[in-house]
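Please look through the structure shown here together with its sequence, and follow the paragraphs below one place at a time.

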Amino acid sequence: MTAVPRARMSRAVEAQEGVKDLILKRGLVAGDPLPTESELMEELSVSRNSIREALKALQAVGIVEIRHGFGMFVGRMSLAGLVDELAFHSRITLQDGRNHLAHLVEIREILEAGLVQRLIDLGPEVDLTSVADVIARMEAEAAVGVVSPETDRLFHDLLYRPLGNPLVSQLLGAFWDVYHQLREHLGTPDEPSGDVARKHRDIYAAVLAADRTAAEAAVHAHFYGVRNRLARMDRTTT
């Protein structure tokens, strides 16, 4: 049986791989400066057009950061591209009667139901003082009007920070950004602000008490209002 030869990579793709190999071999990390365009051309033996095309592609996925007037640097991990893609495709599905946003919310709910268990695993020494302060702010906002999206987001960010996993914050932030890019399509929230604040406090209290069952139930209760809005939207589009 004759083997099918693999297609040769374009010079720009080879240059992309060359830049990535250079970063790894030199042990560079996010924020470290990269060689100049001319130095990369010489080191990788590629043309200026190929290296520019490669750098543009690497910049698009966050591997390279180009600061005009300062140079090129190893990029910092970002899910901004993922957020834009998810938000756009979710908007498409909203137009044709499907609702992929509901799937994203379901994934986030499952993720947080597991994360609260990991928090409890850390034991009673975990410091959640900053979370208590955010809940107090949330309750004050609820008493005079509406809990702000910024306060809501801060609660989740601070709650899971003791886990020491920066990807958790990035993923939850990505889900949050997609949801709030589409919030104008979801209609008016029908959950009283006081209930929103209470459900956040219930999550905090269950984690503090190391009550696994209550913590998971509190997370699901927190997402109940979001699921209601999405279900209501489904009924209006069918």
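In this predicted model, the lining of the second largest pocket is mixed in class, with 5 nonpolar, 5 polar and 4 charged residues. The lining comprises 14 residues, and those that lie nearest the centre of the pocket are His156, Asp157, Val168, Ser169 and Leu172. Two elements give two or more residues each to this lining, namely helix H7 (149-160) and helix H8 (166-181). Of the elements that contribute, H8 gives the most, with 6 residues. The volume that belongs to this second largest pocket is about 210 Å³.

Further along the chain comes helix H9, which covers residues 193-208 and therefore has 16 residues by the way helices are assigned here. From its first C-alpha to its last, H9 reaches 23 Å, which is close to the 22 Å expected at 1.5 Å a residue. Which residues of H9 are buried? They are Ser193, Val196, Ala197, Lys199, His200, Ile203, Tyr204, Ala206 and Val207, where buried means that the relative accessible area is under 20%.

Just after H9 the backbone does something worth a careful look, for alanine 210 takes a positive phi of about 55°. To see why this deserves attention, it helps to know that most residues other than glycine have a negative phi. Alanine 210 is not a glycine, and yet its phi is positive. This residue lies in the loop between H9 and helix H10 (212-222), and it counts as partly exposed because its relative accessibility is 46%, a value that falls between the limits of 20% and 50%.

A second residue invites the same kind of reading, and this one is serine 45, a residue other than glycine whose phi is positive and near 55°. Serine 45 is placed in the loop between helix H2 (37-44) and helix H3 (48-60). Is serine 45 buried or exposed? With a relative accessibility of 54%, serine 45 counts as exposed, because exposed means over 50%.

The last stop is histidine 100, which is found in helix H5, a helix that runs over residues 100-121. Its relative accessible area is 33%, so histidine 100 is partly exposed. Along the chain, histidine 100 and leucine 86 are 14 residues apart, while in space their C-alpha atoms are separated by 8.9 Å.

Conventions. Residues numbered from 1 in each chain as written. Predicted model: local features only at pLDDT ≥ 70, side-chain atom pairs only at ≥ 80, totals over all residues. Heavy atoms only, no water. 1 Å grid on protein atoms, 1.4 Å probe; cavity = no way out; pocket = protein on both sides within 12 Å on 5 of 7 lines; lining within 4 Å. Points joined across faces, edges and corners; volume = space filled by probe spheres on them. Helix = DSSP H or I, 4+ residues; strand = E, 2+ residues; numbered from the N terminus. Nonpolar A, V, L, I, M, F, W, Y, C, P; charged D, E, K, R; others polar. Buried < 20%, exposed > 50% of the residue type's maximum accessible area, 1.4 Å probe, protein only. Expected span 1.5 Å × (residues − 1).
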